[in-house]
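Student: I'd like a close look at one part of this protein, please. Could you pick a spot where two pieces meet and walk me through it slowly?

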Amino acid sequence: MSKETKVNKEIRKAGFAFGKENYRMLIIGVVVVAIGYLLMIGGGAENPNDFNADEIFSTRRITIAPIVILTGFCIVLFGIMKKPKE
């Protein structure tokens, strides 16, 4: 039995719900979701009476950011559902 397998079994005995790879996937997914939300910010005008439709309804905010956020949620879901290695 390899050292890594022995460590994984000891960690599970300690009460961790996921393996090391699962936690890594969860962290990556949360970072991707955060990047998606960062892509959405901005577009406000200095003067509240001005309306800049090109800036608010840009492709980055309307298309790319939601796709990135959904991808992040899928990564998180995959990290939760993936069975840890024995």
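**Where two helices cross**

Tutor: Happily! Helices H2 and H4 make a left-handed crossing (the near helix is turned anticlockwise from the far one by less than a right angle; clockwise would be right-handed). Before we go on, please keep in mind that this is a predicted model, where local features need pLDDT of at least 70, side-chain atom pairs count only at pLDDT 80 or more, and totals for chains, interfaces and linings use all residues. Residues are numbered from 1 along each chain as its sequence is written, and side-chain values use heavy atoms, with hydrogens and water left out.

Helix H2 covers residues 20–40 and helix H4 covers residues 59–81; their axes come within 8 Å and cross at roughly 165° (axes are lines fitted to C-alpha atoms over the stretch in contact, with angles from 0 to 180 degrees between N-to-C directions). H2 is therefore roughly antiparallel to H4 (angles over 145 degrees count this way; under 35 is roughly parallel, 65 to 115 roughly perpendicular and the rest oblique). The residues of this contact divide into 20 nonpolar, six polar and two charged (Ala, Val, Leu, Ile, Met, Phe, Trp, Tyr, Cys and Pro are nonpolar, Asp, Glu, Lys and Arg charged, and the others, Gly among them, polar).

Now look at Gly29, which sits in helix H2. Gly29 counts as buried because its relative accessible area is 0% (buried is under 20%, exposed over 50%, partly exposed in between, with a 1.4 Å probe and protein chains only). Setting aside residues up to four places away in sequence, Gly29 touches Gly72, Ile75 and Val76 (a contact means heavy atoms within 4.5 Å). Phe73 is 44 residues away from Gly29 along the chain, yet their C-alpha atoms are separated by 6.3 Å.

Next, find Val68 in helix H4. Not counting neighbours within four places in sequence, Val68 is in contact with Val32, Ile35, Gly36 and Leu39. From Val68 to Gly36, the C-alpha separation is 5.1 Å, although their positions lie 32 residues apart in the count along the chain.

Leu77 belongs to helix H4 too. With a relative accessible area of 52%, Leu77 is exposed. Leu77 and Met25 are 52 residues apart in sequence, while their C-alpha atoms are 9.0 Å apart in space.

For a spot outside the pair, try Ala17, in the loop between helix H1 (3–14) and H2. Ala17 counts as exposed because its relative accessibility is 58%. Its C-alpha atom and that of Ile80 are separated by 9.6 Å, with the two positions 63 residues apart along the chain.

Finally, step back to the whole protein. It has four helices and zero strands, following the pattern α-α-α-α along the sequence (helices are DSSP runs of H or I with at least four residues, strands runs of E with at least two, numbered from the N terminus). Of its 86 residues, 19% count as buried. Among contacts with a separation of 6 or more, 72% come from residues 24 or more positions apart.
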